[in-house]
Amino acid sequence: MAPTIGDQGGTLLVRKLPTADPMRVFVGDVVLLKDPEKSDNFLVRRLAAIEGYEMVSTDEKDDPFVLDKDECWVLADNDKLKPKEANDSRTFGSISMSNIVGRVIYCLQTAVDHGPVQNSHFSMRKDSPVLEVELDVEEMAKNHKA
């Protein structure tokens with residue numbers, strides 16, 4: 001998820017969502033999701049589209065399609081990766097919204113390199129009170145594995 005999370009990863013603060021639906025998670029949010037190909041793994045990807053969005057490929061051989069109810073499309077932020085390397089919806093297709101575990105709201109890469117994750121404007125407003133009350137950077141730094 002470089003450049004958002006960084007090439008070396010980091011310790012993430014994830015706001016767990018009771019259910020992932022279009023009222024709780026929004027296009028532009030960085031989400032933690034169950035890997036649709038390896039059920040024991042999790043992925044961090046940006047939510048690019050939700051139900052009702054029309055998806056059009058850059059490959060003219062592919063027909064456009066509309067995401068069905070409870071479906072979403074996720075993308076890696078790293079523009080340098082080829083689609084097959086990115087391990088996102090360009091590889092595995094649309095996923096169920098139920099695969100989304102939570103929204104990534106803070107990233108700590110080092111004790112001096114940390115900050116809120118840039119999500120949709122709506123989510124940033126919803127999450128800022130959580131960060132103000134619950135974020136303990138010193139505690140995150142103690143548990144951070146570099």
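Biologist: In this predicted model, in which loop is Asp 70 found?
Modeller: Asp 70 follows strand 5, which covers 65–66, and precedes strand 6. Asp 70 is therefore found in the loop between strand 5 and strand 6.

Biologist: Is Asp 70 buried, partly exposed or exposed?
Modeller: The relative accessibility of Asp 70 is 38%. Buried means under 20% and exposed means over 50%. Because 38% falls in between, Asp 70 counts as partly exposed.

Biologist: What is phi of Asp 70?
Modeller: Most residues other than glycine have a negative phi. Asp 70 is a residue other than glycine, yet its phi is positive. The value is near 65°.

Biologist: Which loop holds Asn 87, and what is its phi?
Modeller: Asn 87 sits in the loop between helix 1 and helix 2. Its phi is positive, in a residue other than glycine. The value is near 50°.

Biologist: Which strand gives the largest share of the largest nonpolar core?
Modeller: That core has 14 residues, and Val 25, Leu 33, Leu 47, Cys 72, Val 74, Met 97 and Ile 100 touch the most other members. Two or more residues come from each of strand 2 (30–34), strand 3 (42–50) and strand 6 (71–75). The largest share, three residues, comes from strand 3.

Biologist: Which residues does Leu 33 touch, leaving out those up to four places away in sequence?
Modeller: Leu 33 is among the core residues that touch the most other members. Its contacts include Val 74 and Ile 100, which are named in that group too. The full set is Asn 41, Phe 42, Leu 43, Arg 45, Val 74, Ile 95, Asn 99, Ile 100 and Val 101.

Biologist: How many residues are in the second, separate core?
Modeller: Val 30, Leu 32, Val 104 and Cys 107 are included in it. The count for this second core is six residues.

Biologist: Which residues lie nearest the centre of the largest pocket?
Modeller: The pocket holds about 400 Å³ of space. Strand 6, helix 1 (83–86) and helix 2 (89–92) each supply at least two lining residues. By class, the lining has seven nonpolar, three polar and five charged residues. Of the 15 lining residues, those nearest the centre are Ser 57, Thr 58, Asp 62, Trp 73 and Arg 90.

Biologist: Is Glu 138 buried or exposed?
Modeller: Glu 138 lies in helix 4, residues 137–143. Its relative accessible area is 66%, and the cut-off is over 50%, so Glu 138 is exposed.

Biologist: What distance separates the C-alpha atoms of Glu 138 and Val 104?
Modeller: Val 104 is one of the residues of the second core. Along the chain, Glu 138 and Val 104 are 34 residues apart. Their C-alpha atoms are separated by 18 Å.

Conventions: Residues are numbered from 1 along each chain as its sequence is written. This is a predicted model: local features need pLDDT of at least 70, side-chain atom pairs count only at pLDDT 80 or more; totals for chains, interfaces and linings use all residues. Side-chain values use heavy atoms; hydrogens and water are left out. A nonpolar core is a set of buried Ala, Val, Leu, Ile, Met, Phe, Trp, Tyr and Cys residues joined through side-chain atoms within 4.5 Å. Buried means under 20% relative accessible area, exposed over 50%, partly exposed in between (1.4 Å probe, protein chains only). Helices (H or I, at least four residues) and strands (E, at least two) are DSSP runs, numbered from the N terminus. Contact means heavy atoms within 4.5 Å. On a 1 Å grid over the protein atoms alone, a cavity is a set of points where a 1.4 Å probe fits but cannot get out, and a pocket is an open set with protein on both sides within 12 Å along at least five of seven lines; lining residues have an atom within 4 Å of a point. Grid points are joined across faces, edges and corners, and a volume is the space filled by probe spheres set on the points. Ala, Val, Leu, Ile, Met, Phe, Trp, Tyr, Cys and Pro count as nonpolar, Asp, Glu, Lys and Arg as charged, and the others, Gly among them, as polar.
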